[in-house]
Amino acid sequence: MWISAIIFSQCILNVFSEDLRSSLYFVNASLQEVVFASTTGTLVPCPAAGVPPASLRWYLATGEEIYDVPGIRHVHPNGTLQIFHFPPSSFSNLIHDNTYYCTAENPSGKIRSQDVHIKAVLREPYTVRVEDQRAMRGNVAVFKCIIPASVEAYITVVSWEKDTVSLVSGRPWLSCYNFPNVFI
């Protein structure tokens with residue numbers, strides 16, 4: 001009877017000591033989106049770690065494990081995903097505007113990060129313009145600032161200008177550069 005109790009307590013101690021030597025955890029799981037310029041590239045660390053060190057892998061949201069594409073995408077031995085800088089002509093939705101996640105695995109088990117959307121913003125010239133409008137003298141005309149869709153989410157227009165002179169500051173509904181020569 002005593003022998004059974006000693007063996008049972010030894011088994012429980014082994015289980016608890018095993019748990020103390022092995023762990024798997026998230027370091028920073030708050031990263032949900034990475035937006036970067038195509039001219040700079042980006043580094044995205046896998047937000048997981050473990051004791052003993054975990055094997056870190058990156059996947060597309062579809063579950064497909066990603067692979068290195070020389071000069072375009074690389075997973076470093078420490079689990080950091082690198083997307084290299086690229087010219088606009090090399091843009092690929094599969095690589096530059098996609099959702100990824102990483103996993104960490106060691107003897108404690110396997111954990112999966114939340115999805116991280118990685119989006120490249122192309123650095124290329126654009127022009128902001130004003131939509132043409134007509135109005136009779138003394139009436140109200142509403143002008144709309146036209147910003148190319150490719151950069152619209154990253155542009156904040158702060159004022160209207162005519163001949164490099166700012167017009168009616170402090171009115172958020174009046175906000176566009178390159179105000180045309182309009183006479184009302």
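A residue counts as buried when its relative accessible area is under 20%, as exposed when that value is over 50%, and as partly exposed in between. By this scale D115, at 35% relative accessibility, is partly exposed, and the same terms are used below for the rest of this structure, which is a predicted model.

The protein chain contains two helices and 14 strands. Of its 184 residues, 29% count as buried, and the chain exposes about 12500 Å², of which carbon and sulfur atoms supply 57%. Among the contacts with a separation of 6 or more, residues that stand 24 or more positions apart account for 53%.

Strand β8, which comprises residues 97-106, takes part in several pairings. Because seven of the 10 residues of β8 are buried, the strand is largely enclosed by the rest of the structure. In general, the strands of a sheet pair through backbone hydrogen bonds, and the pairing can be either parallel or antiparallel. The pairing of β8 with β5 is antiparallel and extends over six bridges; here Y59 has Y101 of β8 as its bridge partner. With β10, strand β8 again pairs in the antiparallel sense, in this case over four bridges, and N98 stands opposite I118 in β10. Four bridges also join β8 to strand β9, residues 109-112, and these two strands likewise run antiparallel. Within this pairing, A104 has I111 of β9 as its bridge partner, and the two strands form a hairpin in which two residues lie between β8 and β9.

Strand β8 also carries one half of the disulfide, of which the structure holds one. The bond is formed by C46 and C102, whose sulfur atoms are 2.0 Å apart. It links distant parts of the chain, since C46 lies in the loop between β3 and β4 whereas C102 lies in strand β8, with 56 residues separating the two positions in sequence. The torsion about the S-S bond of C46 and C102 is about 75°, and the disulfide is therefore right-handed. Both cysteines fall below the cut-off for burial, C46 with a relative accessible area of 10% and C102 with a relative accessibility of 1%.

The count of salt bridges comes to three. One of them involves β8 once more: the side chains of K119 and D97 meet with a distance of 3.5 Å from N to O. Because K119 lies in strand β10 (residues 116-121) and D97 in strand β8, this pair ties together parts that are 22 residues apart in sequence. K119 is partly exposed at a relative accessibility of 24%, and D97 is partly exposed at 24% as well. A further salt bridge joins D115 to R112, with the closest N and O atoms 3.0 Å apart. As noted at the outset, D115 is partly exposed, and R112, with a relative accessibility of 42%, falls into the partly exposed class too. The side chains of E65 and R57 also meet in a salt bridge, at 3.5 Å from N to O. In this pair E65 is partly exposed at 40% relative accessibility, and R57 is partly exposed with a relative accessible area of 33%.

A separate arrangement is an open sheet of three strands, which follow the order β3-β7-β6 with antiparallel pairing. Its edge strands are β3 (42-44) and β6 (73-75), each of which pairs on one side only. Neighbouring strands of this sheet are turned by 15° against each other on average, with direction ignored. Strand β6 and strand β7, the latter formed by residues 81-83, pair in the antiparallel sense over three bridges, and V75 stands opposite L81 in β7.

The backbone between β4 and β5 remains to be described. In general, most peptide bonds are trans. A cis peptide bond, however, joins V51 and P52, with omega at about -5°. P52 belongs to the loop that lies between β4 (48-51) and β5 (55-60), and β5 is in turn the strand that pairs with β8 over six bridges.

Methods. Residues numbered from 1 in each chain as written. Predicted model: local features only at pLDDT ≥ 70, side-chain atom pairs only at ≥ 80, totals over all residues. Heavy atoms only, no water. Pairing = 2+ DSSP bridges. Axes fitted to C-alpha atoms, helices over the stretch in contact; angles between N-to-C directions. Buried < 20%, exposed > 50% of the residue type's maximum accessible area, 1.4 Å probe, protein only. Contact = heavy atoms within 4.5 Å. Areas by Shrake-Rupley, 256 points an atom, 1.4 Å probe, with all protein chains shown as cover. Salt bridge = Lys/Arg side-chain N within 4 Å of Asp/Glu carboxyl O. Disulfide = S-S within 2.5 Å.
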